[in-house]
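Me: I would like to learn how to read a structure like this one. Can we take it feature by feature?

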Amino acid sequence: MDKDLNNLVYQVRRDILRMVHQVNSGHPGGSLGCTEFFIVMFNKILNFNLPFSKDGINEDVFLLSNGHISPVYYSILSRMGFFELNELKTFRKINSRLQGHPTNHDNLPGIRISSGSLGQGLSVSIGAALSKKLNNDESLVYVLTGDGELQEGQNWEAFMFASANKIDNLIAVIDLNGQQIDGSTSDVLDIGNLYDKLCSFGWEVIEIEEGNNMEEIFKTLTKAKESTRKRKPVAVLMKTIMGNGVDFMMHTHKWHGIAPNDEQLEIALSQNAETIGDY
Amino acid sequence: MREYTNTGNKDTRSGFGEGLSELGRNNKKIVALCADLAGSLKMNDFAKENPDRFIQVGVAEANMIGIAAGLTIGGKIPFTGTFANFSTGRVYDQIRQSVAYSSKNVKICASHAGITLGEDGATHQILEDIGLMKMLPGMTVINTCDFNQTKLATIAIAEYDGPVYLRFGRPKVPNFTPENFDFKIGKGVLLQEGNHVTIIATGHLVWESLEASIKLQEFGIESEIINIHTIKPLDEEIIIKSAKKTGAVVSAEEHNFLGGLGESISRTLSLNHPVPQEFIATNDTFGESGTPSELMKKYRLDSNSIVEAVKKVISRKK
């Protein structure tokens, strides 16, 4: 993968850590786990237009269902030019467009729906995909969901609908980090064999074994794109490591929703050198 | 004193169906979604004429609201259709986050609202939906009174950019709104002028109020009757003006008194021109099985109950 994108990984991790630290709240674990995905998605996969338009006509649409990983979303959006980098300073502060969970309520460029209450994004992405079909718009809709989030029943209404209605211009990426707030997903409520479940729901299912490896993410998402328009919805099961890139945050649910203190921040940043410049 | 003619009993849901069909022919952005109740919502003509713009989601209301929100990305104007209970309480968080907070141009169209749903009983008779919907910031809430008004409202909300809750019902009721009436969202309708009391009614209670006013004439009471079809945003001007004139108000709705139109009127009056008010509404209770007219009588939503409320509120005038 390009050296520039490797540099961006370190910088986005720093953004995430500094954002949650400055307000002593937010969700670093899942954000760090999806950093490589967001970078590949916005640099190599997604065909998007700037300036941002809320209708997203004749461009790919990306939607985030697990809205709590807003730090990585905001970081990549600002780094891609949707809004000024300095606005990251306002994350979770009063009078900010960068709410704790992402919203289009305050017209933040890059965001087309509010998310945070879990389990709704997949349905919304189906609507956006249907809208594209009605508009004869050949571009695609991507949605990212968490794995714990799949415990919400609405997802299964959506899985059933998408295959029955051959929503084949949609790619749903599921972040399989195996963790949720109260512990591992297998302990809290075992999701079981997701690959088999989604196959039986009539989806084309593709797996990414190393969801923090940008080469593999790119290769698999490219394959997913090639699998669209074949009368089946496409799911990508992406195995990631929660807290990736900060040794003491990795492989645990403990950093799902808490911020590092000053000392922890210093250690975390020392593992991720500044590359293209902090906000 | 104006007179209103019933041009024949018709159900408000059929007014919705006709309005939707007309929209389907004239506006290609309109997409209709239904959760396995297309027949009950009278959406079959739209579905037949616009198969590509009719989405049958099955018994999955949460998914329906999410899909509707997503359809707005790309400029569509989605109309969802199911019973009022499944349009609101069942999917409150989906509406709150994906529609209201996201400022999506989704029209949530709800039939079989209130107690006049009848024999199916309390599980289906929602009497809390107006409250649920009016509490959502940015949500417009409309409760129509007859076939023509429902048809006109259905067409009007397509022109308005923003989330709307449109509430109507199952039974056949008098149709008295003129076909060519100029329906304006947020504008109350002065149906009849009078000096002694103001009856402010919405939905099926509008006709009951007109009936009550005839009975009240026998007691020498002249009623001013206002139809509030848009509960939010509320036409405060027409309410305050009439309260100043008559000095007494009766609100009438097929809904719990908690969270309904009556409370919105009370707030308006207490902030601007306090006068005595009586409430025709259900009294913090669930409904039950029965015919619509039996239920209207038992739960004190009929014209005789309005007459009693008017006498009481007039006795409270200083």
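Me: Where in chain A is A:Arg231 placed?

Reply: This is a predicted model. A:Arg231 sits in the loop between helix 9 (214-226) and strand 7 (234-239) of chain A. Its phi is positive, about 65°, although A:Arg231 is not a glycine.

Me: Is A:Arg231 buried or exposed?

Reply: Burial is judged by counting C-beta neighbours, and 12 or fewer within 10 Å means exposed. A:Arg231 has 11 C-beta neighbours inside 10 Å, so it counts as exposed.

Me: Which residue of chain B has a positive phi of about 50° although it is not a glycine?

Reply: That is B:Asp284. The loop that holds B:Asp284 lies between strand 14 (277-282) and helix 11 (292-298) of chain B. B:Asp284 is exposed, with 11 other C-beta atoms within 10 Å.

Me: What about cis peptide bonds? Which residues does the one in chain A run between?

Reply: The bond from A:Leu50 to A:Pro51 is cis, with omega near 0°. A:Pro51 is in the loop between helix 3 (35-45) and strand 1 (61-64) of chain A. In chain B, a cis peptide bond joins B:Lys232 and B:Pro233, with omega about 0°. B:Pro233 is in the loop between strand 12 (230-232) and helix 9 (236-246) of chain B.

Me: Now the chains as wholes. How many helices and strands does chain A have?

Reply: Chain A has 10 helices and seven strands. Its C-alpha atoms fill a box of roughly 50 × 45 × 35 Å along the principal axes. For 279 residues, a compact globule would have a radius of gyration near 19 Å, and the 18 Å of chain A agrees with that. Buried residues make up 52% of the 279 residues in chain A.

Me: And what are the corresponding figures for chain B?

Reply: Chain B has 12 helices and 14 strands. The radius of gyration of chain B is 19 Å, close to the 20 Å that the globule rule gives for 318 residues, so chain B is as compact as a globular protein of that length. The C-alpha atoms of chain B fill a box of roughly 60 × 35 × 35 Å along the principal axes. Of the 318 residues in chain B, 60% are buried.

Me: What share of the contacts in each chain joins residues at least 24 apart?

Reply: Take only contacts between residues at least 6 apart in sequence. In chain A, 76% of these join residues at least 24 apart. In chain B, the share is 81%.

Me: How many residues of each chain take part where chain A touches chain B?

Reply: The size of an interface is often given as the accessible area lost when the parts come together. Here we have residue counts instead: 28 residues of chain A are in contact with 24 residues of chain B. On the side of chain A, helix 5 (121-134) and helix 6 (154-164) are the elements that give two or more residues. Helix 5 of chain A gives the most, with 10 residues. By type, the side of chain A that touches chain B divides into 10 nonpolar, 14 polar and four charged residues.

Me: How many residues of helix 5 of chain A are buried?

Reply: Of its 14 residues, 12 are buried, so helix 5 of chain A is largely enclosed by the rest of the structure. Among them are A:Gly121, A:Val124, A:Ala128 and A:Lys132. At 1.5 Å a residue, helix 5 of chain A should span 20 Å, and its end C-alpha atoms are 20 Å apart, which agrees. After helix 5 of chain A comes A:Asn136, whose phi is positive, near 50°.

Me: At what angle do helix 1 and helix 7 of chain B pack?

Reply: Two packed helices are described by the angle between their axes and the distance between the axes. Helix 1 (residues 12-26) and helix 7 (residues 147-159) of chain B pack at about 35°, with their axes 7 Å apart. Their crossing is right-handed. Residues of the contact include B:Thr12 and B:Phe16 of helix 1 of chain B and B:Thr150 of helix 7 of chain B. The contact holds six nonpolar, seven polar and three charged residues.

Me: Which residues does B:Phe168 touch?

Reply: Not counting residues up to four places away in sequence, B:Phe168 touches B:Thr12, B:Arg13, B:Phe16, B:Ser111, B:Ala113, B:Thr144 and B:Thr150. B:Phe168 is in the loop between strand 7 (164-167) and strand 8 (172-174) of chain B, and is buried, with 30 other C-beta atoms within 10 Å. B:Phe168 and B:Thr144 are 24 residues apart in sequence and 5.8 Å apart in space, C-alpha to C-alpha.

Technical notes
Residues are numbered from 1 along each chain as its sequence is written. Chains are lettered from A and ligands numbered from 1 in the order in which they are written. This is a predicted model: local features need pLDDT of at least 70, side-chain atom pairs count only at pLDDT 80 or more; totals for chains, interfaces and linings use all residues. Axes are lines fitted to C-alpha atoms, for helices over the stretch in contact, and angles run from 0 to 180 degrees between N-to-C directions. Helices (H or I, at least four residues) and strands (E, at least two) are DSSP runs, numbered from the N terminus. A crossing is left-handed if the near helix is turned anticlockwise from the far one by less than a right angle, and right-handed if clockwise. Two residues are in contact if their C-beta atoms, placed from the backbone, lie within 7 Å. Ala, Val, Leu, Ile, Met, Phe, Trp, Tyr, Cys and Pro count as nonpolar, Asp, Glu, Lys and Arg as charged, and the others, Gly among them, as polar. The radius of gyration is taken over C-alpha atoms; the globule rule is 2.2 Å times the number of residues to the power 0.38. A residue is buried if 20 or more other C-beta atoms lie within 10 Å of its own, exposed if 12 or fewer, and partly exposed in between; C-beta atoms are placed from the backbone. The expected span of a helix is 1.5 Å times one less than its number of residues.
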